[in-house]
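I set out to look up how the helices of one chain pack, and then how the chains meet. My entries follow in the order in which I made them.

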Amino acid sequence: MKTHIVAFALSIILSLSARAELKWEQTEIELHPTPADKQAIGHFKYQNPGKAPVHFKSVHASCGCTTAQTQKDEVPPGGTGEITATFNIGDRTGTQVKTVTVETDEAANAKTVLTLKTIIPQQLEITPTFVFWKQGDKPDPKTISVKAGKEFTVKHIKVTSSSPDFQTKVEEKGNGEFQIDVQPQETKNLVASTLTIQPEDSQKVFYATARITNAPTVQ
Amino acid sequence: MRSSLVGQVLILAAVALAPALGEAIWFHDKISWASPISPSESVTVDEAHTWGATAIWVDARPDDEFARDHVPGALSLNEDRWNELLPQFLAAWSPGKKVVVYCSAESCDLAREAAERLRKEAQISDVFVLQGGWEAWLKKNR
Amino acid sequence: MNQTPNAQHPPLDVEASADRTTSNIKHRTPNILWRIIDLIVGALFIFAGIAKILNLDQLIADLQHLRFASAFADLGNLSVADPAEFAHDINNFRILPWIVSVALAFYLPWLEIFCGLGLVFRVLYRGALSILIALIVVFTLATIAAKVRGLDITCGCFGHASQHWSLPAHLATNLAILAALVLLWVSSRSTKAS
């Protein structure tokens, strides 16, 4: 009974995939860039099993952060090639799923969607990334929690304030958890500071902001 | 035997309905049944206009689209350069301000994602996504 | 008069009871196996339902990395998941209107939990099996259809908690669960017949 179920499911999958014009080695790639990487690149390999050449009509990505390039515009019968999808990580976090839609001329509307899933490792999780005091508030310290990502070991962090108007104190709670206490000298003036948070032995830098803001606008 | 099976299915379906209804009532203001954005988290162009100077407009589209055209006075805040652009947004923000985030259209997710990051990471409240996005703003204003 | 009525047929009674004992042992072993499968599959669906109602990402990550102490601590810090997340996952299949996606986002987890409990405690058993088989079949077909249409879907058996799984992993999990459910169904029918 189990064999019949597996065979049935496989036949559905195979019959559906037989509709694709080019045979793709993979239509889904999962990438795990390092924290230092600025880009994640996926190589989608294909071959043309048919008897006629296949032309690419269009290749476009789901967002401006991803570019896709074909090696050639025409794939001869039996020919192989690949589409390179480059995802610019920028300041994105978490799991990013971007797609590249490929259209060919072999049949009407022959379209394949290639999926690039990028798991961006988060070395530090900072909450919140913004602390503020209203003008005139008591300059009590506020806390920013910092936690090392699941796959990382962070023993120490270094915190620097871009402005002497704010003092910072780091408390190591162990197990990759830290507490940053931020305190302004006073809250009379509208001043701000960018807090640079850097894990020990790491080039990657993280940021938080401390600021004295205007009092709420009264409508 | 057949009716017993049907009876069992109906009983299970009914039993599961009770807590589901309770949950739906509990979350009634957290989720919109009409559109994928929560009613407390989205705003129409007309509503946003009534906020006047207390609204900060945030453009979540890529740099080139922002450069081409944007809501007058809007700040660019996209995920390509989030760390670089965030400070200028924070400089413009103060408690009591309402943040209106937009991207190209209703179907675009960039505004929702940017709004989510402002709420979760910066813990800023009163962040709204513009219904219909840039397209909706253009229809009302141009 | 025979003071011990059974004394006239001791060999038959002894043989009959010996037969029953052997027969019980023969049936008890497979019954235990089916119960184990009941418990595993039932627990899986209960967990799947709970994973859509509560934020279990942290707990699952700790369990995957065998950080049991952290996992135990996570149990004390559980928070309710945003139902909009699961509604978005269902909506991404682009099969149902948004309003139905929201309704299912609230309803499906509880249905899974109660059917899972039905399997574990053998209450409304065949009804629970029917519903779970129907759910898995519909869900697998929807996943394949979404993939064929080139949709970006991240919904899995465990809601947002399984968003990082690849399609083959999703399908393999669904098929394995379906196989177990069908085996339980067939076994329950043959038990009824015998």
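**Entry 1: a pair of helices in chain C**

I began with H4(C) and H5(C), which are oblique to each other. The model is a predicted one, and I read the angle from its coordinates: the axes of H4(C) and H5(C) cross at roughly 125 degrees and come within 8 Å. An angle of roughly 125 degrees is called oblique because it falls neither in the range of 65 to 115 degrees nor over 145. I also noted the hand of the crossing, and H4(C) passes H5(C) in a right-handed one.

I then listed the residues that make this contact. From H4(C) they are C:Pro83, C:Phe86, C:Ala87, C:Ile90 and C:Asn91. From H5(C) they are C:Trp98, C:Ser101, C:Val102, C:Leu104, C:Ala105 and C:Phe106. By class, the contact of H4(C) with H5(C) has 9 nonpolar residues, 2 polar ones and no charged ones.

**Entry 2: the next pair**

I moved on to H5(C) and H6(C), whose axes are 8 Å apart and whose packing angle is about 135 degrees. H5(C) is therefore oblique to H6(C). What is the hand of the crossing in which H5(C) passes H6(C)? I found it to be left-handed.

The contact is made by C:Leu111, C:Cys115, C:Gly118 and C:Leu119 of H5(C). On the side of H6(C), I recorded C:Tyr125, C:Gly127, C:Ala128, C:Ile131 and C:Leu132. I sorted the residues of the contact of H5(C) with H6(C) into 7 nonpolar, 2 polar and no charged.

I also looked at the loop between H5 and H6 of chain C, where C:Arg122 has its place. C:Arg122 is not a glycine, and yet its phi is positive, at about 55 degrees. C:Arg122 has 14 other C-beta atoms within 10 Å and is therefore partly exposed.

**Entry 3: chain C as a whole**

I counted 7 helices and 0 strands in chain C. Chain C has 194 residues, and 32% of them count as buried. Among the contacts in chain C between residues at least 6 apart in sequence, 69% join residues at least 24 apart.

I looked up one pair of residues that are separated along the sequence. C:Asn31 and C:Ser187 are 156 residues apart in sequence, and their C-alpha atoms are 9.3 Å apart in space. C:Asn31 is in helix H1 (residues 10-53) of chain C. Is C:Asn31 buried or exposed? I found it to be partly exposed, because it has 13 C-beta neighbours inside 10 Å, and the cut-offs are 20 or more for buried and 12 or fewer for exposed.

**Entry 4: where chain C meets chain B**

I found 21 residues of chain C in contact with 18 residues of chain B. Helix H4 (83-91), helix H5 (98-121) and helix H6 (125-148) of chain C each supply at least two residues of this side. H5(C) gives the largest share, 10 residues. The side of chain C that touches chain B holds 15 nonpolar, 5 polar and 1 charged residues.

On the chain B side I chose B:Leu5, in helix H1 (residues 2-26) of chain B. B:Leu5 touches C:Arg126, C:Gly127 and C:Ser130, leaving aside residues up to four places away in sequence. I noted B:Leu5 as partly exposed, since 14 other C-beta atoms lie within 10 Å.

**Entry 5: chain B and chain A**

I recorded 18 residues of chain B in contact with 20 residues of chain A. The side of chain B that touches chain A has 8 nonpolar, 5 polar and 5 charged residues.

For chain A, I noted 1 helix and 17 strands. Buried residues make up 25% of its 219 residues. I also found a cis peptide bond from A:Thr127 to A:Pro128, with omega near -10 degrees. A:Pro128 lies in the loop between strand E10 (124-127) and strand E11 (130-134) of chain A.

**Entry 6: how far to trust chain A**

The mean pLDDT of chain A is 84, and 87% of its residues reach 70 or more. Over residues 1-20 of chain A, the pLDDT is below 50. Predicted coordinates should not be read in detail where pLDDT is low.

Technical notes
Residues are numbered from 1 along each chain as its sequence is written. Chains are lettered from A and ligands numbered from 1 in the order in which they are written. This is a predicted model: local features need pLDDT of at least 70, side-chain atom pairs count only at pLDDT 80 or more; totals for chains, interfaces and linings use all residues. Two residues are in contact if their C-beta atoms, placed from the backbone, lie within 7 Å. Ala, Val, Leu, Ile, Met, Phe, Trp, Tyr, Cys and Pro count as nonpolar, Asp, Glu, Lys and Arg as charged, and the others, Gly among them, as polar. pLDDT is the predictor's confidence in each residue, from 0 to 100. Helices (H or I, at least four residues) and strands (E, at least two) are DSSP runs, numbered from the N terminus. Axes are lines fitted to C-alpha atoms, for helices over the stretch in contact, and angles run from 0 to 180 degrees between N-to-C directions. Angles under 35 degrees count as roughly parallel, over 145 as roughly antiparallel, 65 to 115 as roughly perpendicular and the rest as oblique. A crossing is left-handed if the near helix is turned anticlockwise from the far one by less than a right angle, and right-handed if clockwise.
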